[in-house]
Amino acid sequence: MEAKVSQSLQLPARISSEKIARKSSNSLQFLRRIGDPKSHLAPDSVNLPARKGRVQGPIVLKVLCSTGNVPASILESGSLPTSFDESIILRNKSEGIEPYLNGRCIYLVGMMGSGKTTVGKVLSEGLGYSFCDCDTLIEQAAGGNTVAEIFKIYGESFFRDSETEALQKLSSMHQLVVSTGGGAVIRPINWRYMQKGISVWLDVPLDALARRITAVGTDSRPLLDQESGDPYSKTMSRLSTLFKERGEAYANADVCVSLENIVAKLGLTDVCNLTPNIIAIEALSQIETFLKKKENNI
């Protein structure tokens with residue numbers, strides 16, 4: 001794939017910009033600071049280097065893909081071959097889907113703890129895309145404050161505004177896998193930005209989410225770390241409430257990757273036994289099906 005200079009990208013005026021860093025260790029980082037919310041700073045250009053060497057000036061990475069045969073999903077067969085190599089299948093699936101993606105970004109949506117960051121990194125590696133975590137960008141913009149600290153210092157509304165600005169910026173780029181925050185789907189304007197790419201909902205059973213989150217603690221999750229009591233019970237209760245508020249919004253995604261469906265295909269019993277590679281393979285298969293249908297309807 002060859003990176004070409006396409007267009008300049010301007011940052012929103014509310015957030016001052018120093019620069020945007022290139023892909024490094026599978027992450028795309030904004031090196032900027034959030035200024036006074038009342039200040040009005042002139043927007044600056046974002047500089048992204050091409051894949052080979054540095055290129056001065058504002059650019060957007062685009063993909064020039066060659067056509068090729070699209071392999072069938074290994075998960076569609078309902079069983080895994082004896083010599084199952086997830087990385088090889090992931091690579092083959094990535095190569096097969098590239099002509100259909102045409103450089104479009106992939107936006108992962110879903111509840112907190114659904115694996116958007118982990119699966120996103122696997123997808124970006126397989127596709128040769130850069131990876132971007134919206135929460136990380138917002139934290140860096142806030143001077144290194146964590147999401148929990150941002151909620152406490154500035155409030156949830158400020159965080160949501162920053163999230164929307166980040167998605168607006170990212171929507172002008174190409175060849176990105178973006179992990180969004182769990183609540184990004186509640187704002188219609190965020191969908192408008194994500195519709196420039198392909199949105200993928202990682203649908204994980206609430207029980208599995210509660211077990212995952214409880215195992216690592218809720219300190220980093222401001223919407224959960226508010227009540228006393230049994231960690232699992234309070235986490236499950238809060239997740240249930242959040243899902244009632246967001247479930248219909250998640251269903252707006254172009255593609256749904258249901259972990260329950262994957263385990264059913266493979267004859268497994270617990271979604272927690274699925275590897276990120278297997279989930280990524282299924283995501284690529286679902287994206288491929290979506291893009292083929294979209295292409296045929298044009």
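The exercises below, each with a worked solution, concern packing and salt bridges in a predicted model.

**Exercise 1. Nonpolar cores**

Task: State which residues touch the most other members of the largest nonpolar core, and which helix gives the most to this core.

Solution:
- Step 1. The largest nonpolar core holds 62 residues, and Leu101, Leu170, Val200 and Ile287 touch the most other members.
- Step 2. Helix 10, residues 276-297, gives the most to this core, with eight residues.
- Step 3. Another core, of seven residues, lies apart from the largest one; among its members are Ile138, Ala142, Phe151 and Phe158.

**Exercise 2. Helix 4 against helix 5**

Task: Classify the crossing of helix 4 and helix 5, and describe their contact by residue class.

Solution:
- Step 1. The axes of helix 4 (residues 147-154) and helix 5 (residues 156-170) come within 7 Å and cross at roughly 125 degrees.
- Step 2. Angles of 65 to 115 degrees count as roughly perpendicular and those over 145 as roughly antiparallel; the crossing angle therefore makes helix 4 oblique to helix 5.
- Step 3. On the helix 4 side, Val147, Ile150, Phe151 and Tyr154 take part, and they meet Glu156, Phe158, Phe159 and Arg160 of helix 5.
- Step 4. By class, this contact has six nonpolar, no polar and two charged residues.

**Exercise 3. A salt bridge within helix 5**

Task: Locate the salt bridge of Glu156 and Arg160, and decide for each partner whether its class is buried, partly exposed or exposed.

Solution:
- Step 1. The side chains of Glu156 and Arg160 form a salt bridge with an N to O distance of 3.3 Å.
- Step 2. Both lie in helix 5, four residues apart, so about one helical turn separates them.
- Step 3. Buried means under 20% relative accessible area. Arg160, at 6%, is therefore buried, whereas Glu156, at 33%, is partly exposed.

**Exercise 4. Salt bridges between elements**

Task: Work out which parts of the chain are tied together by the pair Asp270 and Arg211 and by the pair Lys265 and Glu282.

Solution:
- Step 1. Asp270 and Arg211 meet in a salt bridge of 3.2 Å, N to O.
- Step 2. Asp270 lies in the loop between helix 9 (259-266) and helix 10, and Arg211 in helix 7 (residues 206-216), so the pair ties together parts 59 residues apart in sequence.
- Step 3. Asp270 is partly exposed at 22% relative accessibility, and Arg211 is partly exposed at 34%.
- Step 4. Lys265 and Glu282 form a salt bridge of 2.9 Å, N to O. This pair links helix 9, which holds Lys265, to helix 10, which holds Glu282, across 17 residues.
- Step 5. Lys265 is partly exposed at 29%, while Glu282 is buried at 4%.

Conventions. Residues are numbered from 1 along each chain as its sequence is written. This is a predicted model: local features need pLDDT of at least 70, side-chain atom pairs count only at pLDDT 80 or more; totals for chains, interfaces and linings use all residues. Side-chain values use heavy atoms; hydrogens and water are left out. A nonpolar core is a set of buried Ala, Val, Leu, Ile, Met, Phe, Trp, Tyr and Cys residues joined through side-chain atoms within 4.5 Å. Buried means under 20% relative accessible area, exposed over 50%, partly exposed in between (1.4 Å probe, protein chains only). Helices (H or I, at least four residues) and strands (E, at least two) are DSSP runs, numbered from the N terminus. Axes are lines fitted to C-alpha atoms, for helices over the stretch in contact, and angles run from 0 to 180 degrees between N-to-C directions. Angles under 35 degrees count as roughly parallel, over 145 as roughly antiparallel, 65 to 115 as roughly perpendicular and the rest as oblique. Contact means heavy atoms within 4.5 Å. Ala, Val, Leu, Ile, Met, Phe, Trp, Tyr, Cys and Pro count as nonpolar, Asp, Glu, Lys and Arg as charged, and the others, Gly among them, as polar. A salt bridge is a side-chain nitrogen of Lys or Arg within 4 Å of a carboxyl oxygen of Asp or Glu.
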